[in-house]
Amino acid sequence: MKHLTRALALTALVMMAAPGCSESQPAKLAEVQTDIALLGKFITLHPAPLEAKWSITPIGTEGGLGPTDNELWAVLRYSEADLATISRALKAGAALPQVTVDAPPTWLLAEADLSRFKHGTDYVFEGPIFPSAPFTSDVYTIGFALELPDGRVLIHSGST
């Protein structure tokens, strides 16, 4: 019972800090952000990237997923040494066969040149892609990550 009470208290704290719990915050975070420190409040960033572009958008519908679920998209640039560290951490997880996404945010389509992943109306990310485990946090626990051809790392993660 003590563990359940502690878990419920922790869940309440996380929900109060989560981006989906504020009426104004999701709209603001849906815009492209570059603040690495703020991004570090949502996902794990060890080592810290040199640059980041990211957004968080609400997903789901009443009666289904959401309405307080969110998805996070980020493109991170690391130093060569840190990229090698991240690459090893990603490859420590089992590669995913593929991940299909309805529609990444508009800013990301040009930023990461996602046209090669477009299949019909969906975007199909195929290997090598890995679970986003090195970036997971208490809120953003599911997702994938991949290294882009220019050495940046693309992350897609969701809160549930």
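Here a biologist and a modeller talk through a predicted model of one protein chain.

Biologist: Glad to have you here! What should I know about the ground rules?

Modeller: Residues are numbered from 1 along each chain as its sequence is written, and side-chain values use heavy atoms, with hydrogens and water left out. As the model is predicted, local features need pLDDT of at least 70 and side-chain atom pairs count only at pLDDT 80 or more, while totals for chains, interfaces and linings use all residues.

Biologist: Thanks. How many helices and strands are in the chain?

Modeller: The chain has five helices and seven strands. These are DSSP runs numbered from the N terminus: H or I over at least four residues for helices, E over at least two for strands. Along the sequence they follow the pattern α-α-α-β-β-α-β-α-β-β-β-β.

Biologist: Why is H156 called buried or exposed?

Modeller: Buried means under 20% relative accessible area, exposed over 50%, and partly exposed in between (1.4 Å probe, protein chains only). H156 has a relative accessible area of 14%, so H156 is buried. This residue is found in strand β7.

Biologist: And what makes the pair of H156 and E71 a polar contact?

Modeller: A polar contact is a pair of N or O atoms within 3.5 Å; within protein, one must be able to donate a hydrogen and the other to accept it, and residues adjacent in sequence count only if both atoms are side-chain atoms. The side chains of H156 and E71 make such a contact at 2.8 Å.

Biologist: How do you know that the span of α4 agrees with what a helix should have?

Modeller: The expected span is 1.5 Å times one less than the number of residues. For the twelve residues of α4 that gives 16 Å, and the end C-alpha atoms are 16 Å apart, which agrees.

Biologist: Why do the buried residues of α4 line one face?

Modeller: L83, I86, S87 and L90 are buried in α4. Seen down the helix axis, the buried residues fall within an arc of 105°, so they line one face; the arc is that of the directions from the axis to the C-beta atoms. On the other side of α4, A81 and R88 are exposed.

Biologist: What makes a set of residues a nonpolar core?

Modeller: Its members are buried Ala, Val, Leu, Ile, Met, Phe, Trp, Tyr and Cys residues joined through side-chain atoms within 4.5 Å. The largest one has 22 residues, with L39, L76, F135 and V153 making the most contacts inside it. Among the elements that each supply at least two residues of this core are α4 and β7.
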